[in-house]
Amino acid sequence: MIVLNGGSSSGKSGIARCLQAVLPDPWLTFGVDTLVEAMPASMRASDAGIEFAPDGEVVVGPEFRTLETAWIEGVVTMARAGAGVIVDEVFLGGAASQQRWQKALGEIRVLWVGVRCESVVAAAREIARGDRVPGMAAAQADMVHQGVTYDVEVDTTRSESMECARIIAAHIG
């Protein structure tokens, strides 16, 4: 399993697609965005679910955490069944978020990858995308890495997704 952690618009999804292209075996990709999109619309604007504040802050509530726990367990079950899995994550809680995954993963071998991007560059990508609340990229750029331990880190500020994917792939063995 490979877990990519980085802020919004840092380039995780592009790296995940490139990893699928360069790794010799087929790998499945799942992102936290997939989880959010799978939730009922009512949970995407609720204190109990997930809220995207106008300033870019993301606040998660207890119902979100319950569904997130089930989602993590499901993804881990696929890895236990032998699937190569790439997870595109945003550790809003830094080390606490990583610990939730570690608890679920148990003895599964994981490559923890930090995907960094300077906040100014991530913010420009966010504006170009047009599908994110302005301010999320800048707010998350450093916060998601606080206290998180990685096996490898890449920086998409000046490196293309394919270059980053090749660096990560070199650590799979």
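**Entry 1: strand 1 and its partners**

I started with strand 1, which pairs with strand 5 in the parallel sense over four bridges. I noted that two strands count as paired if DSSP finds at least two bridges between them. Strands (E, at least two residues) and helices (H or I, at least four) are DSSP runs, numbered from the N terminus. The model is a predicted one, so I kept its limits in mind: local features need pLDDT of at least 70, side-chain atom pairs count only at pLDDT 80 or more, and totals for chains, interfaces and linings use all residues. Residues are numbered from 1 along each chain as its sequence is written, and side-chain values use heavy atoms, with hydrogens and water left out.

I looked up one bridge to strand 5 and found Ile-2 partnered with Ile-86. I then turned to strand 6 (residues 111-116), which pairs with strand 1 (residues 2-5) in the parallel sense, again over four bridges. Across from strand 1 in strand 6, I found Trp-112 opposite Val-3, Val-113 opposite Leu-4, and Gly-114 as the bridge partner of Asn-5.

**Entry 2: which way the side chains point**

In a regular strand the side chains alternate between the two faces of the sheet. In strand 1, I saw Ile-2 and Leu-4 point one way and Val-3 and Asn-5 the other, and all are buried. Buried means under 20% relative accessible area, exposed means over 50%, and partly exposed lies in between (1.4 Å probe, protein chains only).

I picked Val-3, in strand 1, for a closer look. Val-3 has a relative accessible area of 1%, so I entered Val-3 as buried. Not counting residues up to four places away in sequence, Val-3 touches Val-87, Phe-91, Val-110, Leu-111, Trp-112 and Val-113. Contact here means heavy atoms within 4.5 Å. I also checked Cys-18, 15 residues from Val-3 in sequence, and got 14 Å from C-alpha to C-alpha.

**Entry 3: the whole sheet**

In what order do the strands of the open sheet stand? I read the order as 2-5-1-6-7, five strands with parallel pairing. Strand 2 (27-31) and strand 7 (152-155) are at the edges with a single partner strand each, so one side of each has no neighbour in the sheet. From one strand to the next, the twist averages 20°. Axes are lines fitted to C-alpha atoms, for helices over the stretch in contact, and angles run from 0 to 180 degrees between N-to-C directions.

I followed strand 6 to strand 7 and found parallel pairing over four bridges. Val-113 has Val-152 as its bridge partner in strand 7. I noted that five of the six residues of strand 6 are buried, which leaves the strand mostly covered.

**Entry 4: helices across the sheet**

I looked up two helices that lie on strands. Helix 3 (residues 62-80) lies across strand 2 and strand 5 (84-89), at about 150° to strand 5. Helix 7 (residues 161-169) lies across strand 1, strand 6 and strand 7, at about 170° to strand 7.

Is Pro-62, in helix 3, buried or exposed? I found Pro-62 exposed, with a relative accessible area of 58%. Leaving out residues up to four places away in sequence, Pro-62 touches Asp-47 and Ala-48.

**Entry 5: two loop residues**

Ser-9 lies in the loop between strand 1 and helix 1 (12-22). Most residues other than glycine have a negative phi. I found the phi of Ser-9 near 65°, a positive value. With a relative accessible area of 6%, Ser-9 is buried.

Cys-117 lies in the loop between strand 6 and helix 5 (119-129). I entered Cys-117 as buried too, at 8% relative accessibility. Its contacts, leaving aside neighbours within four places in sequence, include Ser-10, Asp-155 and Thr-156. Ala-138, 21 residues from Cys-117 in sequence, is 9.7 Å away, C-alpha to C-alpha.

**Entry 6: the largest pocket**

Last, I looked up the largest pocket, which holds about 570 Å³ of space. A pocket is an open set of points on a 1 Å grid over the protein atoms alone, with protein on both sides within 12 Å along at least five of seven lines, and lining residues have an atom within 4 Å of a point. Grid points are joined across faces, edges and corners, and the volume is the space filled by probe spheres set on the points. I noted 33 lining residues, with Ser-8, Val-32, Asp-33, Val-90 and Arg-132 nearest the centre.

How values were computed: On a 1 Å grid over the protein atoms alone, a cavity is a set of points where a 1.4 Å probe fits but cannot get out, and a pocket is an open set with protein on both sides within 12 Å along at least five of seven lines; lining residues have an atom within 4 Å of a point.
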